[in-house]
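The following exercises ask for a close reading of one model. Each task is followed by a solution in steps.

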Amino acid sequence: MKLKNLNGKVVLITGAGSGIGRATALLSAQRGAILVLCDRDEAGLNETAAAARALGSEVFAQTVDVADPAAMDEFADAVHARFDTVDVLINNAGIGVWCGLLDTRPEDWDRQLAVNVKGVVHGCERFLPRMIERGRGGHVVNVSSAAGYMAAPSMSSYSVTKFAVFGLSQVLRMEMRPHKIGVTASCPGPTNTPIIRTGPVRGANAEERADNVLSFFQRTGARPEKVAKTILRAVARNRAVAPAGFEAHALYYASRISPPVGRWIAVRWAVMANKG
Ligand SMILES: NC(=O)c1ccc[n+]([C@@H]2O[C@H](COP(=O)([O-])OP(=O)(O)OC[C@H]3O[C@@H](n4cnc5c(N)ncnc54)[C@H](O)[C@@H]3O)[C@@H](O)[C@H]2O)c1
């Protein structure tokens, strides 16, 4: 099913308190959607909810950690007490850790797997059964990354979690097809959001690299509003994969046509990002 018109549709977005999630929430509001938003950051979530309401959207917002199964159960109960089901589920919440594999700490693995992978699983588990039961289709967007189809050095563990989300989205798309529920892996390239500031940078010269990577993302990253457009376009066209931005497209086609060229580009970009 292609969801071309969001007017009156219920769109759920996790991690809606900042960056790509916020931009997608506000674009959906402009297109007439009813919004269900969550984030673990209450202040950011409230800001997005207020901005969406100012655009005329009905909004239900709840502070939730997507990694916490019990909190996600409560959230799903609250959502289903208000709405039959959601029409579009956007599993966007995510975090990053910026370093190579050997500098990655056990707690980095645990937290990224819990948020980036299990958070997406929790969203699918709690909202898909009702979408299926209603029998009128719908759409799921799982926010992976360009680092989810081309390994990204210096973002090793992040890249592993985003490959998982990419694979999960492919298999879910096949499984949901009989239910007329589309599934998209959204794959942005570098995007100018606070994600670099909030995730730890580890390894040699970590402080200097943190500044460099931040300035690289600020200078070259796409605007989150542009990524939001690619997300809603992918919903409207029922795309399996939605790269966003020049880098993501370059890496996507290179990864399909010539993986060695893709790996060369990925290494060059990592070097450039670490140098600023
Ligand atoms: N910014 C980029 O360059 C980029 C590129 C590719 C993919 N992505 C992905 O896009 C998604 C959004 O990232 P962003 O760049 O907008 O970052 P961001 O930091 O601006 O926004 C992420 C939001 O998710 C929320 N969040 C984090 N952990 C959470 C949790 N456990 N439960 C609930 N909410 C949680 C944060 O509070 C924040 O509001 C992430 O999945 C990220 O991996 C980002």
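A polar contact is a pair of N or O atoms within 3.5 Å; within protein, one atom must be able to donate a hydrogen and the other to accept it, and residues adjacent in sequence count only if both atoms are side-chain atoms. The model is predicted, so local features need pLDDT of at least 70 and side-chain atom pairs count only at pLDDT 80 or more, while totals for chains, interfaces and linings use all residues. Residues are numbered from 1 along each chain as its sequence is written, and side-chain values use heavy atoms, with hydrogens and water left out.

**Exercise 1. Determine where H122 lies, whether H122 is buried or exposed, and which backbone oxygen its side chain meets.**

Step 1. Locate the residue: H122 belongs to helix α4, where helices (H or I, at least four residues) and strands (E, at least two) are DSSP runs numbered from the N terminus.

Step 2. Classify its accessibility. Buried means under 20% relative accessible area, exposed over 50%, and partly exposed in between (1.4 Å probe, protein chains only). H122 is buried because its relative accessibility is 4%.

Step 3. Find the polar partner: a polar atom of the H122 side chain is 2.8 Å from the backbone oxygen of V66.

Step 4. List the surroundings. With neighbours within four places in sequence set aside, H122 is in contact (heavy atoms within 4.5 Å) with V66, A67, D68, P69 and M72. V66 thus appears both as polar partner and among the contacts.

**Exercise 2. Describe the shell around the ligand: how many residues surround the ligand, and which are the closest?**

Step 1. Count the residues near the ligand, that is, those with a heavy atom within 4 Å of it. The ligand is surrounded by 30 residues, and S18, D39, D65, Y158 and T193 are the closest.

Step 2. Sort the shell by type. Ala, Val, Leu, Ile, Met, Phe, Trp, Tyr, Cys and Pro count as nonpolar, Asp, Glu, Lys and Arg as charged, and the others, Gly among them, as polar. The shell holds 13 nonpolar, 11 polar and six charged residues.

Step 3. Assign helices: at least two shell residues come from each of α1 (19-30), α4 (106-134) and α5 (156-176).

Step 4. Examine the polar backbone atoms. That of G19 is 3.5 Å from a ligand oxygen, that of R40 is 3.2 Å from a ligand nitrogen, and that of T191 is 2.8 Å from a ligand oxygen. On its own the ligand has 830 Å² of accessible area, of which the protein covers 96%; such areas come from the Shrake-Rupley method with a 1.4 Å probe, and for residues only the protein chains shown count as cover.

**Exercise 3. Relate L35 to S28: in which elements do they sit, and which residues do they touch?**

Step 1. Place both residues. L35 is part of strand β2 (residues 34-39), and S28 is part of helix α1.

Step 2. Check accessibility: L35 is buried because its relative accessible area is 0%, and S28 is buried because its relative accessibility is 0%.

Step 3. Compare the contact lists, leaving out residues up to four places away in sequence. L35 is in contact with residues including V11, A25, S28 and F60. S28 touches L6, V11, I13, A33, L35 and L232. Each residue is therefore found in the other's list, and V11 appears in both.

Step 4. Add the polar partner of S28: its side chain reaches the backbone oxygen of T24 at 2.7 Å.

**Exercise 4. State how many disulfides are present, and where C187 stands in this respect.**

Step 1. Apply the rule that a disulfide is a pair of cysteine sulfur atoms within 2.5 Å. The count is zero disulfides.

Step 2. Test C187: its nearest cysteine sulfur, that of C124, is 15 Å away, and C187 is in no disulfide.

Step 3. Record accessibility: C187 is buried because its relative accessibility is 0%.

**Exercise 5. Examine the positive phi values of K180 and N205, and locate both residues.**

Step 1. Recall the background: most residues other than glycine have a negative phi.

Step 2. Read the angles. K180, which is not a glycine, has a positive phi of about 60°, and the phi of N205 is near 50°.

Step 3. Locate the residues. K180 is in the loop between α5 and β6 (181-188), and N205 is in the loop between α6 (195-198) and α7 (206-220).

Step 4. Classify them: K180 is exposed because its relative accessible area is 55%, and N205 is exposed because its relative accessibility is 53%.

How values were computed. Near = heavy atom within 4 Å.
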